[in-house]
Amino acid sequence: MQQDDIMEQLLLDLFSKYPAGKKEGLIPILQEIQEEKGSLTGEILTAVAQHLELPVNKVYGVAAFYNQFLFRPHGAFHIQVCDGTGCHLGGSVSLLTAVEKFLKIKAGNTSRDGQFSLEAVPCMGACDQSPVISINGERYPRINEEELRKIIGVIKEKKV
Amino acid sequence: MTGSGTPKLTEFLVEKVVKNYSGIYDKSTAELLSRVRREKLSQPAIFIGMGSCGITAGADKTLKAVETYLTENKIKADIIKVGCMGLCSAEPLLDVQLPGKTRLSFANATAGKVDDLLNSVFHHTLPHDNILGQYRFHGHEEWPGITSLEELPFFGLQYRMVLKNTGIISPEDIHDYLARGGYKSLFKTVLNYTPEKVCEIVEQSELRGRAGGGYLTGRKWLVALETGSDQKYLICNADESDPGAYMDRTLLEGDPHRVIEGIAIAAYAIGAKKAYIYLRSDYKRAIVILRDAIRQARECGFLGENIFGSGFNLTVQISQGAGAFVCGEETALIASLEGGRGIPREKPPFPAEKGLLGRPTVVNNIETLANVPAILENGPAWFKAIGTKTSKGTKVICISGKGVRTGVVEVPMGTRLIDIVNTLAGGIKNGKQLKAVLLGGPSGVFVPPQDLETEIGFDTLQEIGAGIGIGGMVLLDEETCMVSLSKYFMEFLQKESCGKCIPCREGTKRMLEILEGITRRPREESSHETLERFKGVVQLENLAEVIRDTSLCGLGQNAPGPVLSSLKWFREEYEEHIFDRRCAAGVCHDLRTFFIDVDLCNGCNICQRKCPENAIIGTVKMPHFIIENKCTGCGICFDSCKFNAIYFK
Amino acid sequence: MQFEIEVNDEHVIARRGETIKNVLDRIGVKVPTLCHINGFTPTGNCRLCVVEVDGLPGLVPSCSHPVEEWMKIRTHTPRVLKARKTLVELLLAGHPNDCLYCEKNGRCELQELSYEMQIRERKYQSRRIPVQIDKACPSIERDPAKCILCERCIRVCNEMIGVGAIEIIGRGSESRIGTTYNKGLNTNACVKCGQCITVCPTGALIEKTAIHTVLEALNNPRLYPVVQFSPTLPAAIAEEFNLKSTKDVLNIVRAAMKKMGFRQVFDISMAADLTLMEEAAEIAERIRTQEGLPFFTSCCPSWVRYVEELKPVYLSSLSTTRSPQQIMGRMIKQYITTSAGQKAEDVFVVSAMPCTAKKEEAGKDFIKDTQVPFVDAVLTNREIIKLIHLMGIDFSFLEPEPEDSAFSIRSSSGKLFGMAGGHLEGLIRTLHFQMTGQEMNPLKIQDLRGLKTRKEARIKIGKQIINVVSVSGLAHAKHLLEEIEAGRREIHIVEVMACPYGCLNGGGQRQGADEKSLKSRMKILYDIDEEEIIKAAHKNPTITGLYENFLGKPNNDRDREFLHVSRVARQEK
């Protein structure tokens, strides 16, 4: 219930910030919601569509186009393995396979218990320190499989 | 950086420096300037490279260690967070400058090393390791036996104009930029030149767009200026999403005001009252720095209403891309700013005539705009003197891959590729041989060693079928599988294709599938299948041609680049994959053939049980064998063997 | 401004602002396209119309590239032909192989191109992610597997209908035309107008067919199948079978229907007269009380659905009168149960409509006591034509069948329903009479005629000036609503047709109609109006008889089930 109130407040704030009927506000609005809530739901899309006087499909189409928007939230631990050129050459593929095996989830998915999600991302811009992974935003440079197992082992322990 | 007395300092700098055409200062101004520039110090200064690359390498931990060290030892010193000076492979970078002495730079200064390093420096001795060099400066006492930074091979070839301040000044404090002549060009421009004149100056300088077609920037501005409209827009394109290139971020995190000044001048030249900076939303730090820089510039009156009393108004807004590579294309970027899917549209009409919300819009790459203040400051003739006949100025290049050194550099146009590889990057890591250089990002082309004599420039690169793109340069060593790498880029591009036009949407997918076919071992071997796969190569060339010919935007038109160039220079690798089913580099896992070392195998039987193809035979406690014909190369046995008895060729 | 360019070595005049394709069309050089629709923003999706232009590095899409003075264009060079062929081959790589079983077999633009380009094998192979066919909607069936992402449907839905019921979802090779959370068209904002079907080059969008149901009914001895047809049918049939569109066509169509097994054939136009009577009475009342203005017509089910779904504030402004299809269905059932002694549930009423939305509308109304629907099945004109072919009917052997059924007398006002502005024209005739007791003179309202999506007129009725607007294409209706919301107050009556230019261009009509055929369809209906003696609903003796004997005065409280509906807003979930 409280969650709904927070959401409603967020939407109200956003709607006063971005004028009604101006579709230029669509992506920034979705970005702020994504940032706050971690994912977009049908109700949110409908509310945004109404505010901007757009068909819901249009809003959904935009959200589905960009990588940033999610319709399901990431896991409590979101693991990103960089697969940019630098990291690719540095062996990110075997790193990714290792994580997949270790967590028993495929890249792009979230574990059933919602604890872990795994994603291969284009480039984190840290090519000089390849391969890089990031767990909930914290980066681990020049990592190898062994270290990775250790790190994930640690977070597996402190599951939330 | 808002200490007490700051507004006064700002006012002073604006009056005495920004509005001073001559560049000749009275004594008190000169004195103050040298303090702001940290040439004269009253207490030690410690500089930490806090670009994203630095932070990834642990610069924030270094910072904490420095702070702890200073408190514990009761030493008073300024800590200045600077951007990345380009040598990313040496991060975290830590510089220490004692009053009266040169600024000393340390490489790989991780938190654990801080105590030792600082201890030595504060005791006026030199530590044994980690010394990168020193910044030579007239009047500073030099540290004995330490190379000057500009004498290092990494810096020797560089001509730092766009990156002049990056890594040296604090990006968080506008005074650092002002004290180095910042916003002078803007002042000069809006008070002395008409917009037409600015376009003319920039056209005379022959500055060409730093990403994409290399169109003359001044001419593009003039088109927008001359197109009548109630509103015009300037967009600074910093949406770099090439995997393996991050010069835009380096610039924004290191010297944001240079970009803002360039934007302001460009907006004035085209008559725009509103400018957007479009950058990746995951560049969190760059956004924070940029947002703050815009605020400071506005507070100083460099943005906003009636700039310098000239009547010119400008608001600058940050727009965050939502994660789509195709939005680097200008019309897609505009579509995205308008709140739609980032889909490119047909040109003409060009955005300079009809862009954002149907109004004339100039989309300039961030590096192009960062060149502008210097051009206005020093004049077009000065700028034209740098570079080659057809390509003027410098180019920022991001070196990644297998080089000894990687990072961001700026070289004059006309620099030979081979010099960048050998001198700046210091050759290939671990004594390996250079196989090729990938120029221009995921849709770039592979340049073989024999073509590396080519000079950097729009036309020279075009002659060898390449292009500089936004300036990504990936060094590849002999252990690279070109087929697999081409597949990797094709996979990236087909994922990032917007899906609008058939050749790009369907064509890249087909090319990827063909490449996957080549790098996969067929389940049953028959000559027919080899033929099919061979046909794939022919189809690749055919498809590449049509995709290049008919795609709507640059993403599709250039998408076949890696495949075509690798086919051209490394065709034998494709043939090896197809006919011999072998990947010499061992990268294409599916083509591996596994063997069991009879000396190491103790017959534990695990591999036999795990093999999904029943390709392993043997009795318990006796060495096992792999039936080559049955093995699909999945590698499960390799992973499951606890005795390292399985190896592959 | 004019200038000369070169096309295939010939000098050709071009005008500034034109696209290359405009020029090519004018000089009769045909380039293929799968995405372009005349009158819509070119998108350049399919790239099939590419041509070679001297001096430009790549091939240039002629549909969206403007002509420039220096251009030397080549349209069919080996390079161009190879590119086009490869593009079609690429589309075919993941396309289902079931042409033989496809609704569009023989009329598919992709199939035609593949034939033209001499494609004889599947050159590229591709795996496609299996997709679900959206079958839940009563009007439209959508098979994303056959979609080639030309975006014609999206453009029509956005630009002409203004609903945005479908959108491209996803990116790159995974993009699909779809809806939010992949919901079916039956539950989202789609108004079922079917305009998307008329532009779809492949079989990805088709109507939900009722042919099988109708065939079963025709062969079920228990049932008494009858058909009612709309004013657009004769023209549609004349076009398809190359008949001269004279008055006889109507009678030949009637003969064909009988031959197919329909026991009686009814002309919906008579019910249209009834609709007009009721509406006119409603309007007169609203004008008197000055409430509920502007009055919106409600015979177009897509428009009604649009209001219910997206603009429920206008529900009270909609006419409550049922559409001609529903009134006619109800009356036929009543009539046959009494006159032919059939049970209501055994009478099987089929409508032949130019419309897909009517399929949905038919499922809305049931007779109170028996729960029997007013209308049992709706065939689009396309389906009727298919049925004629299926039943092997050869028009050259048919004798025209004179009107024989009840309700055969109708005014030409009812016929005018077939096009935008026509409904309004008929309505004003009767309104004039109801308000003043006198006939309007002259009857013809030129401002409401012609192939335009927005027509306005100021009509003098007695001492009053009545302002009327006809909009067709829902997007234009949306604009009008915006004007009204912005304060436009003087309008009394608005006629809305969801399809541009009205039912003659409906979603159930032949695909790819050009302006010429639309004009000729329009002319047929206006010609009928010219020749007809009874030109207004209130002059129709059947109607006046009905009112005298059964209904009393128009728009009274009796028999509301027959003629009127109560409206509720739809809750979109």
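Here are four short exercises, with worked solutions, on chain C of a predicted model.

**Exercise 1. How confident is the prediction?**
Find the mean pLDDT of chain C, and say where in chain C confidence is lowest and where it is highest.

*Solution.*
- Step 1: Start with the chain as a whole. Chain C has a mean pLDDT of 91, and 98% of its residues reach 70 or more.
- Step 2: Now go element by element. Helix 19 of chain C (residues 560–563) has the lowest confidence, with a mean of 75, while strand 17 of chain C (residues 493–497) has the highest, at 97.
- Step 3: Add the scores for the model, which are ipTM 0.91 and pTM 0.92.
- Step 4: Keep a rule of reading in mind: where pLDDT is low, predicted coordinates should not be read in detail.

**Exercise 2. Two domains in contact**
List the domains of chain C, then describe the contact of domain 2 of chain C with domain 3 of chain C.

*Solution.*
- Step 1: Mark the bounds. Chain C is divided into domain 1 (2–76), domain 2 (91–207) and domain 3 (213–563).
- Step 2: Place the two domains. The C-alpha centres of domain 2 and domain 3 of chain C are 30 Å apart.
- Step 3: Look at who takes part. Domain 2 of chain C gives 17 residues to the contact and domain 3 of chain C gives 24.
- Step 4: Look at the domain 2 side. Helix 4 (152–161) and helix 5 (195–199) of chain C each supply at least two of its residues.
- Step 5: Sort that side by chemistry. The residues of domain 2 of chain C that touch domain 3 are nine nonpolar, five polar and three charged.

**Exercise 3. The partners of strand 3**
Work out which strands pair with strand 3 of chain C, and in what sense.

*Solution.*
- Step 1: Take strand 3 (residues 50–53) of chain C with strand 4 (residues 60–61) of chain C. They pair in the antiparallel sense over two bridges, and Val51(C) stands opposite Val60(C).
- Step 2: Follow the hairpin of these strands. Six residues lie between them, and Gly55(C) takes a positive phi near 95 degrees.
- Step 3: Turn to strand 5 (residues 72–74) of chain C. Its pairing with strand 3 of chain C is also antiparallel over two bridges, with Glu52(C) opposite Arg74(C).

**Exercise 4. One residue in its surroundings**
Decide why Ile237(C) counts as buried, and name its contacts beyond four places in sequence.

*Solution.*
- Step 1: Locate Ile237(C) in helix 7 (residues 233–240) of chain C.
- Step 2: Count neighbours. Ile237(C) counts as buried because it has 23 C-beta neighbours inside 10 Å, and the cut-off is 20 or more.
- Step 3: Name the contacts of Ile237(C) beyond four places in sequence: Leu243(C), Val249(C), Val253(C) and Ile385(C).
- Step 4: Compare sequence with space. Ile237(C) and Leu250(C) are 13 residues apart in sequence and 9.4 Å apart, C-alpha to C-alpha.

Notes. Residues are numbered from 1 along each chain as its sequence is written. Chains are lettered from A and ligands numbered from 1 in the order in which they are written. This is a predicted model: local features need pLDDT of at least 70, side-chain atom pairs count only at pLDDT 80 or more; totals for chains, interfaces and linings use all residues. Domain bounds come from an automatic or database domain assignment. Two residues are in contact if their C-beta atoms, placed from the backbone, lie within 7 Å. Helices (H or I, at least four residues) and strands (E, at least two) are DSSP runs, numbered from the N terminus. Ala, Val, Leu, Ile, Met, Phe, Trp, Tyr, Cys and Pro count as nonpolar, Asp, Glu, Lys and Arg as charged, and the others, Gly among them, as polar. Two strands pair if DSSP finds at least two bridges between them. pLDDT is the predictor's confidence in each residue, from 0 to 100. A residue is buried if 20 or more other C-beta atoms lie within 10 Å of its own, exposed if 12 or fewer, and partly exposed in between; C-beta atoms are placed from the backbone.
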